[in-house]
Amino acid sequence: MRRPAPAAPAPAHAPPPPPPAPSLLALLLALVPLVLLVAAQADGGKDYTGWRVLRAQPASAEQLRHVEVLVRALGAEGASQLWRWRPATDVLVRGDVADAAMRFLGARGIAANVHVADVGAEIRRERSADAQRRGPRPQDVLRSYLRYDEMNEFMDDLQRRFPHLATVATFGRSYEGRDMKVMQISSGGGGQRPVILIDAGIHAREWIAPAMALYIIQQLVENPSNADLIANVDWHVIPLLNPDGYEYSHTTDRMWRKTRSVTDVPECFGADPNRNFDFYWGVVGVSWDPCKETYAGHEPFSEAESEALAMYGLGLRGRLRLYVAIHSYGGVFIHPWGYSHQKPSDYPKLVALGQEVAGAIRRAGIPRFDVGNCFEMLGELAAGGSDDWMKGVAGANFSYTLEMPVPSFTTPAVHIERYVVPTFEGFRAMGRFVSGVFGCC
Ligand SMILES: [Zn+2]
């Protein structure tokens with residue numbers, strides 16, 4: 001299939017990022033004994049014992065610049081990972097440099113605190129709670145983080161029990177050869193009804209996102225009190241868009257984000273599939289370094305997972321009314337564009353539905369849930385995301401990225417219900433909106 005071209009040509013390459021500041025790194029390393037931690041656990045997985053998440057609140061452009069320098073310099077040494085810029089800046093920092101990083105921030109008057117004291121301990125808590133709460137059925141989506149095979153079992157089981165409502169379809173194959181599946185929920189209409197397309201798990205470590213998607217599927221198919229939501233709208237839900245990365249985050253590196261494809265650098269794997277869509281690809285907010293978290297890939301749709309979703313969305317053109325990509329974390333609802341400060345022509349409509357959704361989630365018990373574009377919500381532009389593609393190319397009327405309202409990437413399974421159930425009220429609001437405006441047949 002010929003790829004549709006974006007509205008304007010994207011440059012082949014963005015300018016390289018400014019070089020890291022070696023002086024700062026030297027300072028940090030001089031402050032602490034350099035301990036080269038062996039980054040592997042007994043089970044072969046990456047060990048985050050002692051790593052901390054520092055939360056900084058830069059209050060001026062000057063302070064923000066200092067934080068950027070810190071993130072870049074430590075990141076270049078593999079000693080830190082930027083988790084998000086806004087509303088607060090969360091940085092995962094290796095234990096042996098965490099105190100020095102806090103002193104660096106303090107010396108510049110930047111408010112900062114330790115948000116997670118020991119990420120390794122959090123991961124172990126997440127795992128043990130998951131194992132303890134795992135119910136008799138693997139399909140217990142509110143009690144545990146399902147693995148790839150279990151998600152497929154869960155969907156197959158629903159299809160068996162509700163054949164008139166639920167159909168599992170394979171729409172692509174991941175880099176490592178896993179089937180990519182979508183649950184199509186329809187109560188009739190002969191394929192004429194408007195479609196709400198939802199996906200989750202494009203970023204591997206965001207485990208709460210697939211949990212949310214599975215709960216949506218379960219509620220729409222199994223709970224008769226939600227019959228109004230599927231009366232004149234079809235829902236297509238992809239619970240796991242990046243199965244290779246997700247499985248890797250379970251077996252080897254809990255903080256893995258990207259796909260698992262090979263790159264030009266032998267020891268670095270994967271691209272950021274949410275920077276890989278062929279709509280203003282690479283113009284801003286990406287890295288060209290295959291070792292980095294936001295590596296855009298060597299060409300648009302280099303990643304099988306992104307391309308499969310894009311083509312699936314394109315196949316729904318004309319029926320695709322609403323698209324939502326579920327991510328974590330932060331409790332925000334983001335509308336296009338991500339590639340630019342420009343506002344889409346129907347910006348007021350996107351904001352209005354966004355506010356309705358955020359209001360429903362807040363009323364359900366999540367104290368804070370905000371709406372805005374990528375820059376307003378995350379503090380940076382990012383091109384090549386799925387939400388921009390679905391609106392800009394596949395013609396979705398409404399397109400969003402939803403960041404689950406959890407405090408961190410590690411959310412013990414015991415807390416899945418606390419976040420997923422109230423957030424479902426946002427999806428209910430979306431369903432009612434699409435049904436009211438576009439519902440048919
Ligand atoms: Zn994400």
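Select residues 80-84 and 89-93. These are strands E2 and E3, which pair in the antiparallel sense over 4 bridges. The model you are viewing is predicted.

Now look at the link between the two strands. A hairpin of 4 residues carries the chain from E2 to E3. Next, pick Gln 81. Which residue in E3 is its bridge partner? The partner is Leu 92. Select both to see the pair.

Stay on E2 and show the surface. How many of its 5 residues are buried? The count is 4, so the strand is mostly covered.

Next stop: the zinc ion. Select it, then add His 203, Glu 206 and His 327 as sticks. Both histidines coordinate the zinc ion through ND1. Glu 206 appears twice in the list of donors, each time through OE. The distances run from 2.1 to 2.5 Å. Check the angles too. Among the 4 donor atoms they span 55 to 145°, and the site is irregular.

Now trace the donors along the sequence. Their spacing is H-x2-E-x120-H. Why does the histidine pair tie together parts that are 124 residues apart in sequence? His 203 sits in the loop between strand E7 (195-200) and helix H6 (208-222), while His 327 belongs to strand E9 (residues 320-328), so the pair links these separate parts.

Last, colour the two histidines by accessibility. Are they buried or exposed? His 203 has a relative accessible area of 3%, and His 327 has 2%. Buried means under 20%, so His 203 is buried and His 327 is buried as well.

How values were computed:
Residues numbered from 1 in each chain as written. Predicted model: local features only at pLDDT ≥ 70, side-chain atom pairs only at ≥ 80, totals over all residues. Heavy atoms only, no water. Buried < 20%, exposed > 50% of the residue type's maximum accessible area, 1.4 Å probe, protein only. Pairing = 2+ DSSP bridges. Donors = N, O, S within 2.8 Å, 3.2 Å for Na, K, Ca; no water. Tetrahedral: all angles 85-135°; square planar, octahedral: opposite > 155°, others 65-115°.
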